[in-house]
Amino acid sequence: MSEKNNESDNREKAKDIETDTDGNSSSTAVATIGSPEDAPADFDKAIVASGFGRFNLILLIVAVPATCANMFESSTMSYILPIAECDLHLTLTDKGVLNACAYAGMIISAIPWGYLSDTKGRRKVLVCGYFLTCICVLGSALSQNFIMLVTFKFLGGLMVNGPAAVLFTYLTEMHGPKHRSYVLMVVGMITSASTLLLPMLAWGIFPRPWDFVLFGGLDIHSWQIFLLVCAFPSLISGLVLYTMPESPRFLMSQGRNKEALEMLQRIYHINTGKPKDTYPIKSLVLEVPSRDAHEDEVVYTIEEKTGDKTEPVKRQSRSLLDSLQAGMLQMRPMFHKPLLGLALHCYTMQFCIFLGMNTIRLWLPQLFASMAEYEAQYADEGGSATMCTILEYSVNKTFETLTNHENVCAVPKTVSMDMYINNIIVSFCGLVGYFFAGAINKLIGAKRLLTYGLLVSGVLGFALYWSINSLTTIIISSAFVTVSGVAVSSLLGAVVALFPTQLRSLVVAIAMMFGRLGALSGNLLFPVFIQIGCVPPFVMVASVMLLAAVLSVFVPNPKKAAFT
């Protein structure tokens, strides 16, 4: 119902409702006597009235370390593979497992984190998730063997998946309809910038001769220092988000309108610098029966929206079992039309995109390292570093390291400067691409950007097979990572816009779960396929991206979806 119709209905209801005896307005009122401006506001009207300014800028600044923490947890292994090969006695399969193990943890934790976000709140999940992620990253930095590293990376994926998914929801719920799509695009730019930061950190740390023994028994190498540094974004994110407010959208969906109004007043004060009591919205639409918050109580509201209630209804605190049962009822619409078909559609696309994008992205450091080593070794012979040649060289070199470990690893492992530079170039291109993506999104729309981006990604994925030298590989891989990254942001923006508020975090969490499953599958299959031949890995990548492009044609246009 339009805002104008809401105001008309509220004026009609106001005729039959008496003024509060104390003369004060209630944040949970359904209607009040007075001018239309005093009528209860829905969330979109309330968040727009809070303004766009300093608070929103602070949110985006907070998103920088948070997004870095998310990206680091899933990407750091790809950079240590060429360096830690001798220390951990890695096979090609082991390398695939290290790239994939964090995603395995993310898959398992997807639904529990989504449920906690929709019951405990966005802020609590973000704060606890990032603190726990920091602990797991510190554990991986102290790992002494392959099993320890895999275990801590798995636990890290288990912890980071919650805040990684909830961050998108939290940011969109803190902005009005006008800015939501652009906020997600900015987050995509930050994500791309974080991928640029990783090779720069590797460039600054890996060449250092940092090899020593800690506490008399822990062997520490430069790649472990690299992992230690990567724990700081998680720690910073947890500390900063602890000071941020809860999402007013979440509070309203739980019937906690009084708290929601206080949060909106706080946002208004930060944005405008004006006193909180000058916030123009005095009451909020009563979406569900009002309730007061209780400390450490599990809350999950399943009542349908009602517009004819005139008095707040207080309810007794609910047990965890009652909350879980209510949560199951809340999720029931997910298993019926039309949400079931739409959800499965988005999940399949997410699986395909992450399989193709993250397989190439996470194996690029290893491929660039092999490429630099091959070109240095055969520079005098004028050998051409075609993609097939590099894959064959990488397979043979890994086998030689395992069978002749003492001789091959007698000298500390060094990686050519070209490996770092090539990865920096790819990441920088991704960052630049996002600046143009915003203009393209405004010109052709999010849905077309999604479809065209996936189509181009599929073509580029197979074009890697015909790469004839390192320059060609850099150009094609840069374009692939950039375009596919923009497509992921577009799809997540559509998911946020197409589903109801009470299910939004859960849907995003499940979509990310399918995406992680795709990344897990791709990184386990890639080393298997490259040992079979040169063609299979690129056919796999191209086919899933093209399939996602076809499916995107049937996704509803996000512009026509209401934020409900």
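## A charge over a ring

Arg 123 parks its charged end over the ring of Tyr 242, 5.2 Å from the ring's centre. Bear in mind that this is a predicted model.

## Aromatic pairs

There are nine aromatic pairs in the structure. Take Phe 206 and Phe 226: their ring centres are 5.0 Å apart and their planes meet at 50°, so the pair counts as tilted. Phe 206 sits in the loop between α7 and β1 (212-214), while Phe 226 belongs to helix α8 (residues 222-229), so the pair ties together parts 20 residues apart in sequence. Both Phe 206 and Phe 226 are buried. Ring pairs also bring in Tyr 420, making a cluster with Phe 206 and Phe 226.

Then there's Tyr 465 with Trp 466, an edge-to-face pair at 5.4 Å centre to centre and 75° between planes. Tyr 465 has 25% relative accessibility, so it counts as partly exposed; Trp 466, at 55%, is exposed.

## Cavities

The structure has five cavities of 30 Å³ or more, and the largest holds about 610 Å³ of space. Its lining takes in 39 residues, with Met 71, Thr 191, Thr 195, Met 357 and Arg 361 the closest to its centre.

Several helices each give at least two residues to that lining, among them α3 (54-88), α7 (180-205) and α13 (339-377). By class, the lining of the largest cavity comes out as 21 nonpolar, 16 polar and two charged residues.

## Helix α20

With 18 residues at 1.5 Å each, helix α20 (residues 535-552) should span 26 Å, and its end C-alpha atoms are indeed 26 Å apart. Buried residues in α20 include Pro 537, Phe 538, Met 540 and Leu 551.

Conventions. Residues numbered from 1 in each chain as written. Predicted model: local features only at pLDDT ≥ 70, side-chain atom pairs only at ≥ 80, totals over all residues. Heavy atoms only, no water. 1 Å grid on protein atoms, 1.4 Å probe; cavity = no way out; pocket = protein on both sides within 12 Å on 5 of 7 lines; lining within 4 Å. Points joined across faces, edges and corners; volume = space filled by probe spheres on them. Helix = DSSP H or I, 4+ residues; strand = E, 2+ residues; numbered from the N terminus. Nonpolar A, V, L, I, M, F, W, Y, C, P; charged D, E, K, R; others polar. Expected span 1.5 Å × (residues − 1). Buried < 20%, exposed > 50% of the residue type's maximum accessible area, 1.4 Å probe, protein only. Phe/Tyr/Trp six-rings, centres within 6.5 Å; stacked < 30°, edge-to-face > 60°. Lys NZ or Arg CZ within 6 Å of the ring centre and 35° of its normal.
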